[in-house]
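Work through the exercises below with the model open. Each task is followed by a solution in steps.

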Amino acid sequence: MLAVDIDHVEQVNDRHGRLAGDALLTLVAQRLLTTAREADTVAGVGGDGFVIVRLQTTAAAAAATATRVRDAVRGHALDLPAGGRRATISVGVAVARTTDGDMQDVLRRADEFAQ
């Protein structure tokens, strides 16, 4: 599981309004969807977060995906009235363990390691 948080979304909302914040969410969602594998599940969680659930993958492959996703988002700017702002995200990766009670345990670990 990859836990994705948009960096500085609150600042965009405060400085440019909710419509700009919504545009940032949409930009990131589009980049996640185009970067994820067809078999992956991409979902929004919380106000400014996403998860990517990857089945049948290794920790190394998931870490490589985290890098690819960060690069895909960083390569795009949000068009704001005061000038564009590069979107950035933090991504944490965790692999399910047999000792996990549920997927929330995996998500908690992924959130802890978001970079």
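## Exercise 1: Phe50 and the cores

Task: which residues does Phe50 touch, leaving out those up to four places away in sequence?

Solution.
- Phe50 touches Leu2, Ala3, Val4, Ile6, Leu25, Val28, Ala29, Leu32, Ala43, Gly44 and Val45 when residues up to four places away in sequence are not counted.
- Keep in mind that this is a predicted model.
- Now place Phe50 in its core. The largest nonpolar core has 21 residues. Phe50 is among those with the most contacts inside it, along with Val4, Ile6, Leu24, Val28, Leu32 and Ile89.
- Next, assign the core to elements. β1, α1, α2 (18-35), β3, α3 and β6 (89-93) each supply at least two of its residues.
- α2 gives the most to this core: six residues.
- A second core is separate and has seven residues, including Ala3, Val51, Val106 and Leu107.

## Exercise 2: The strands around β3

Task: find how many bridges join β3 to β1, and how many join β3 to β2. Then decide how enclosed β3 is.

Solution.
- Start with β1. Four bridges join β1 to β3, and the two run antiparallel. In this pairing, Ala3 stands opposite Val51 in β3.
- Go on to β2. β2 and β3 are also paired in the antiparallel sense, over five bridges. Here Ala43 stands opposite Val51 in β3.
- Put the two together: Val51 faces Ala3 in one pairing and Ala43 in the other.
- Inspect the connection. β2 and β3 form a hairpin with three residues between them. Gly46, in the turn, has a positive phi of about 65 degrees.
- Check burial. Four of the five residues of β3 are buried, so the strand is largely enclosed by the rest of the structure.
- A background point helps when reading side chains here. In a regular strand, side chains alternate between the two faces of the sheet.

## Exercise 3: Positive phi outside glycine

Task: where are His8 and Gln56 found, and is each one buried, partly exposed or exposed?

Solution.
- Take His8. Its phi is positive, about 65 degrees, although His8 is not a glycine.
- His8 is found in the loop between β1 (2-6) and α1 (9-16).
- The relative accessibility of His8 is 39%, so His8 counts as partly exposed.
- Take Gln56. Its phi is near 50 degrees, again a positive value in a residue other than glycine.
- Gln56 is found in the loop between β3 (49-53) and α3 (59-74).
- Gln56 has a relative accessible area of 81%, so Gln56 is exposed.

## Exercise 4: Salt bridges

Task: how many salt bridges are there? Examine three of them, starting with the partners Arg54 and Asp40.

Solution.
- The count comes to five salt bridges.
- First pair: the side chains of Arg54 and Asp40 meet at 3.2 Å, N to O. Arg54 lies in the loop between β3 and α3, and Asp40 in the loop between α2 and β2, so the pair ties together parts that are 14 residues apart in sequence.
- Check the burial of this pair against the cut-off of under 20%. Arg54 has a relative accessible area of 11%, so Arg54 is buried. Asp40 is at 9%, so Asp40 is buried.
- Second pair: Asp100 forms a salt bridge with Arg109, with the closest N and O atoms 2.7 Å apart. Both Asp100 and Arg109 are buried.
- Third pair: Arg108 and Asp105 meet through their side chains at 2.6 Å, N to O. Arg108 and Asp105 are three residues apart in helix α4 (residues 103-112), so about one helical turn separates them.
- Arg108 is partly exposed, with a relative accessible area of 48%. Asp105 is also partly exposed, at 23%.
- Last, look for shared partners. Salt bridges that share partners join Arg37, Asp40 and Arg54 into one network.

## Exercise 5: A loop residue

Task: is Glu38 buried or exposed, and what distance separates its C-alpha atom from that of Thr57?

Solution.
- Locate Glu38 in the loop between α2 and β2 (41-45).
- The relative accessible area of Glu38 is 85%, so Glu38 is exposed.
- Glu38 and Thr57 are 19 residues apart along the chain, and their C-alpha atoms are separated by 13 Å.

Key. Residues are numbered from 1 along each chain as its sequence is written. This is a predicted model: local features need pLDDT of at least 70, side-chain atom pairs count only at pLDDT 80 or more; totals for chains, interfaces and linings use all residues. Side-chain values use heavy atoms; hydrogens and water are left out. Buried means under 20% relative accessible area, exposed over 50%, partly exposed in between (1.4 Å probe, protein chains only). A nonpolar core is a set of buried Ala, Val, Leu, Ile, Met, Phe, Trp, Tyr and Cys residues joined through side-chain atoms within 4.5 Å. Contact means heavy atoms within 4.5 Å. Two strands pair if DSSP finds at least two bridges between them. A salt bridge is a side-chain nitrogen of Lys or Arg within 4 Å of a carboxyl oxygen of Asp or Glu.
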